[in-house]
Amino acid sequence: MIAHPPAAAPGISYVYAIGSAGTPLEAAAPGLTGLEEGPLRTVSGDGLLALVSSVSHDAFSSEGMKAQMEDIERLETLARTHHSVVEAAYGSATVLPMRLATVYLDDARVRDMLRERRRDFGELLSWLEGHVELGVKVYADPREVTQPERQGTEAEATPVSPGRAYLRQRRTQRRSHQDAYRAAGAVAAQVPDRVAALARARVAHRPQQGELAASAGENIANEAYLVPAARVADFHAAVGALADDVPGVRIELTGPWAPYSFATPQAEPAEPGGEAR
């Protein structure tokens with residue numbers, strides 16, 4: 001009797017984004033490549049399209065996803081590929097980005113999901129049409145705070161012991177830190193008013209820390225704004241110079257992006273091997 005190797009587990013459907021039928025998204029899908037180098041396709045249902053590729057069950061089962069989330073290189077690859085697909089899709093049509101690692105057992109379950117949520121998805125797509133997401137991050141960097149008067153007075157003072165000099169330096173550093181934070185908070189508070197006539201919606205995210213905060217200084221405000229694509233330049237003009245004359249404060253503008261902060265559906269993805277929603 002000849003032993004045969006076990007059959008490979010069938011692929012499951014990974015959903016990147018949702019769009020409307022009758023848009024260029026359907027024609028653009030075959031030209032895109034998704035996770036595990038898989039070609040993309042669309043799954044249609046009740047006037048909607050899901051942008052989908054097949055991924056291995058082993059890598060995207062509960063245990064497989066846990067392993068990916070604990071491996072920084074694999075997680076970066078997952079996030080980067082997901083993001084690149086969504087951005088490419090958004091270049092051809094308005095789409096709703098799905099959460100990272102949204103998977104269903106097969107295309108039939110994806111189609112059921114589209115039918116069940118057609119009203120929510122349709123309303124969101126209409127609301128987001130013609131808009132992009134812009135990010136505003138405000139940083140406090142005490143190292144950039146200059147205090148010429150204070151430094152001059154100290155330089156002219158009678159020499160003191162190393163211990164006293166150290167304590168004086170620490171007090172100056174604390175004052176610089178406090179000054180930078182107060183100034184950054186004041187700048188951040190001005191942003192919503194400056195863009196009130198330009199932004200359709202605003203989301204305040206948690207400030208980035210650790211490895212996520214790649215820029216110099218400390219991120220004290222991290223906000224996303226939904227802005228008409230035609231008003232991006234106006235938004236930059238309204239916000240970009242707010243911190244130009246404020247020592248120790250810096251503004252970083254990001255985007256335009258697909259509207260992740262305003263469009264991610266709240267439904268939980270189905271677990272491979274379980275019942276699809």
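## Exercises on a predicted model

Both Tyr-14 and Tyr-16 are buried. Keep in mind that this is a predicted model.

**Exercise 1. Work out how the rings of Tyr-14 and Tyr-16 are arranged, and what class of pair they make.**

Let's start wide: searching the whole structure turns up three aromatic pairs. For Tyr-14 and Tyr-16, the ring centres are 4.7 Å apart and the planes meet at 45°, so this pair is tilted. Planes under 30 degrees apart would count as stacked and over 60 as edge-to-face. Now look for further partners: ring pairs tie Tyr-14, Tyr-16 and Phe-60 together in a cluster.

**Exercise 2. Find where Tyr-225 and Phe-235 sit, and describe their ring pair.**

First, the geometry: these two rings also form a tilted pair, at 5.5 Å centre to centre with 55° between the planes. Next, the location: Tyr-225 belongs to strand β8 (residues 218-228) and Phe-235 to helix α9 (residues 232-239), so the pair links distant parts of the chain, ten residues apart. Then check burial: Tyr-225 and Phe-235 are both buried. Finally, list the neighbours of Phe-235: leaving out residues up to four places away in sequence, Phe-235 touches Tyr-225 and also, among others, Leu-134, Val-136 and Leu-253.

**Exercise 3. Which residues touch the most other members of the largest nonpolar core, and which helix gives the most to this core?**

The largest nonpolar core has 48 residues, and the ones touching the most other members are Tyr-14, Leu-51, Phe-60, Phe-235, Val-239 and Ile-251. As for the helix, α8 (residues 162-194) gives the most, with six residues. Don't stop there, though: a second, separate core has 20 residues, including Val-43, Ala-224, Leu-226 and Ala-263.

**Exercise 4. Lys-137 is buried; decide what its charged end has for company.**

Step one, place the residue: Lys-137 is in strand β6 (residues 131-140). Step two, hunt for a salt bridge: the nearest side chain of opposite charge, Glu-252, is 4.4 Å away. A salt bridge needs a side-chain nitrogen within 4 Å of a carboxyl oxygen, so Lys-137 has none. Step three, try polar contacts: one of 2.9 Å joins the side chains of Lys-137 and Gln-208. Step four, widen the view: beyond four places in sequence, Lys-137 touches residues including Asn-219, Asn-222, Arg-250 and Ile-251.

**Exercise 5. Is Val-103 buried or exposed?**

Val-103 sits in strand β5 (residues 103-104). Its relative accessibility is 3%, so Val-103 counts as buried; the cut-off is under 20%. One more distance to check: the C-alpha atoms of Val-103 and Ser-53 are 9.7 Å apart, with their positions 50 residues apart along the chain.

Key. Residues numbered from 1 in each chain as written. Predicted model: local features only at pLDDT ≥ 70, side-chain atom pairs only at ≥ 80, totals over all residues. Heavy atoms only, no water. Helix = DSSP H or I, 4+ residues; strand = E, 2+ residues; numbered from the N terminus. Buried < 20%, exposed > 50% of the residue type's maximum accessible area, 1.4 Å probe, protein only. Lys, Arg positive; Asp, Glu negative; His and termini not counted. Polar contact = N/O pair within 3.5 Å; in protein donor to acceptor, adjacent residues only side chain to side chain. Contact = heavy atoms within 4.5 Å. Core = buried A, V, L, I, M, F, W, Y, C linked by side-chain atoms within 4.5 Å. Phe/Tyr/Trp six-rings, centres within 6.5 Å; stacked < 30°, edge-to-face > 60°.
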